[in-house]
Amino acid sequence: MRSFKKKIAFVLMGCMLVMTLLVSGCGKGKEHKLRIGVLSTVDSVPLYIANDDGLYEKYGLDVELVPFSSASDQSKALEAGEIDVVMTDMIVQSLLTKGGCPIKTVMLAVGEKPTEGQFMVVASPNSNYEAGGSIEGGKIAISEGTMIEFLMDSYCEELGIDENKIKKVTVPSIALRVEMVLEGKDVDMALLPEPLGEYALKQGCKCMIDDTILDVNLSQTVIAFRADYIQKHSNNIEKFVSAYSEAVDSLNNSPEKYRERVLKIANVPEGIEDDYVVTVFSKNTLPEEELVSRIENWMVDNQLLDKAYSYEELVDDSFVKCEGKNE
């Protein structure tokens, strides 16, 4: 009888041990899941392709893509701890960090070369402005206190345009900017990202400034993680960099293979699908210190920051180096 009771006790202990392991294992998986905020933009394409092609699983990473309809909603989710990583620009990154949600760039997504990540200043079809001509005297739709305004100010600096001879009109909505410049009533021009700049040209707008022909690259998208996630789960970030880099290789080497998927993810407008050129995505690189300093100083000058953040405060270079060693 005692022997039978001992056997039962051992069986029960074994069951409890198995249950404990299963529960702790599930909890660990959930804790280490990487939640990526995604928008329906060109920049997000490699994140989707890595998921479609099973690359996250290949590198042993549990990923959840969390879609957002606006960058503002995405930032709020990041602040609330609902997502761990986003594609953004360094102005948004600095503002989030200032607001108490420190995030750090681990890799450049788009914009290693001036030809990547096109932005354009386009003039209304019925305006008196000629393509490639002077923009002085014009009312230009921008988004105040954002990368768009930084770009506009930088274009003036690079091209010798007197800022006092243009009027910036604040229009936060990209869709409304397109609508207004096509109508040409309240504004003469608008600063637009791809593919909307190309769409505006198809509708009769005139290209005044194309930043891909400048000698300096000003528009860059970065991949930034919450600082607390980096501290706790650095191994996951190494896996993410590997999966993301492989997706970028696939896209850059065979853009036509992914063309239909890119058109859908990026919401490329009807009428320009046939002419749309798939973006070249950056890989295994980081923003240059000179550009980061330029952005930070602009933010201080425009009273968006009290003090500029240093390169080291905004960028973690350990993961790109790690990926480089693996290649």
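These numbered points go through the predicted model, from overall make-up to single residues.

1. **Overall make-up.** The protein has 14 helices and 10 strands. Of its 327 residues, 48% are buried. Take the contacts with a sequence separation of 6 or more: 79% of them link residues 24 or more positions apart.

2. **Helices α2 and α10.** Helix α2 covers residues 45-52, and helix α10 covers residues 234-253. Their axes lie 9 Å apart and cross at about 100°. The two helices are therefore roughly perpendicular, because angles of 65 to 115 degrees fall in that class. On the α2 side, the contact is made by V45, P46, L47, I49 and A50. On the α10 side, F240, A243, Y244, A247, V248 and L251 take part. What is the division into nonpolar, polar and charged in this contact? It is 11 nonpolar, no polar and no charged residues.

3. **Helix α5.** This helix runs over residues 90-98. Its buried residues are M90, I91, Q93, S94, L96 and T97. Their cover includes α4 (71-79), β4, α6, β10 (221-226), α12 and α13 (311-314). D89 caps the N-terminal end of α5. A side-chain oxygen of D89 sits 2.9 Å from the backbone nitrogen of I91. Just after the helix, G100 has a positive phi of about 100°.

4. **Helix α7.** Residues 174-183 form this helix, in which R177, V178, M180 and V181 are buried. An α-helix has 3.6 residues a turn, so residues three or four places apart point the same way. The cover over the buried residues of α7 includes β5 (119-123), β6 (139-142), α6 (147-159), β8 (189-193) and α8 (196-202). The N-terminal cap is S173. Here a side-chain oxygen is 3.4 Å from the backbone nitrogen of A175. After α7 comes G184, with a positive phi near 70°.

5. **D153 in helix α6.** D153 belongs to helix α6. Is D153 buried or exposed? D153 is buried, because its relative accessible area is 9% and the cut-off for buried is under 20%. Outside its neighbours within four places in sequence, D153 contacts E163, K168, W298 and N302.

6. **Q118 and its surroundings.** Q118 sits in the loop between β4 (103-110) and β5. Q118 counts as buried, at 17% relative accessibility. Its side chain makes a polar contact of 3.1 Å with the side chain of D210. Leaving out neighbours within four places in sequence, the contacts of Q118 are L192, P193, E194, E198, D210, D211 and T212.

7. **A cis peptide bond.** E194, one of the contacts of Q118, also begins a cis peptide bond. The bond runs from E194 to P195, with omega near 0°. P195 lies in the loop between β8 and α8. As background, most residues other than glycine have a negative phi, and most peptide bonds are trans.

8. **The loop between α11 and α12.** Helix α11 covers 259-265 and helix α12 covers 289-301. Which backbone angle stands out at N267? N267 is not a glycine, yet its phi is positive, about 55°. N267 is in this loop. N284 is in the loop as well. N284 also has a positive phi of about 55° without being a glycine. N284 is partly exposed, with a relative accessible area of 22%.

9. **E288 in the same loop.** E288 is placed between α11 and α12 too. E288 counts as exposed, because its relative accessibility is 55% and the cut-off for exposed is over 50%. E288 and L108 are 180 residues apart along the chain. Their C-alpha atoms are separated by 9.7 Å.

10. **Cysteines.** How many disulfides does the model contain? The count is 0. C101 counts as buried, at 5% relative accessibility. C156 is also buried, with a relative accessible area of 2%.

Key: Residues are numbered from 1 along each chain as its sequence is written. This is a predicted model: local features need pLDDT of at least 70, side-chain atom pairs count only at pLDDT 80 or more; totals for chains, interfaces and linings use all residues. Side-chain values use heavy atoms; hydrogens and water are left out. Axes are lines fitted to C-alpha atoms, for helices over the stretch in contact, and angles run from 0 to 180 degrees between N-to-C directions. Helices (H or I, at least four residues) and strands (E, at least two) are DSSP runs, numbered from the N terminus. Angles under 35 degrees count as roughly parallel, over 145 as roughly antiparallel, 65 to 115 as roughly perpendicular and the rest as oblique. Contact means heavy atoms within 4.5 Å. Ala, Val, Leu, Ile, Met, Phe, Trp, Tyr, Cys and Pro count as nonpolar, Asp, Glu, Lys and Arg as charged, and the others, Gly among them, as polar. Buried means under 20% relative accessible area, exposed over 50%, partly exposed in between (1.4 Å probe, protein chains only). A polar contact is a pair of N or O atoms within 3.5 Å; within protein, one must be able to donate a hydrogen and the other to accept it, and residues adjacent in sequence count only if both atoms are side-chain atoms. A disulfide is a pair of cysteine sulfur atoms within 2.5 Å.
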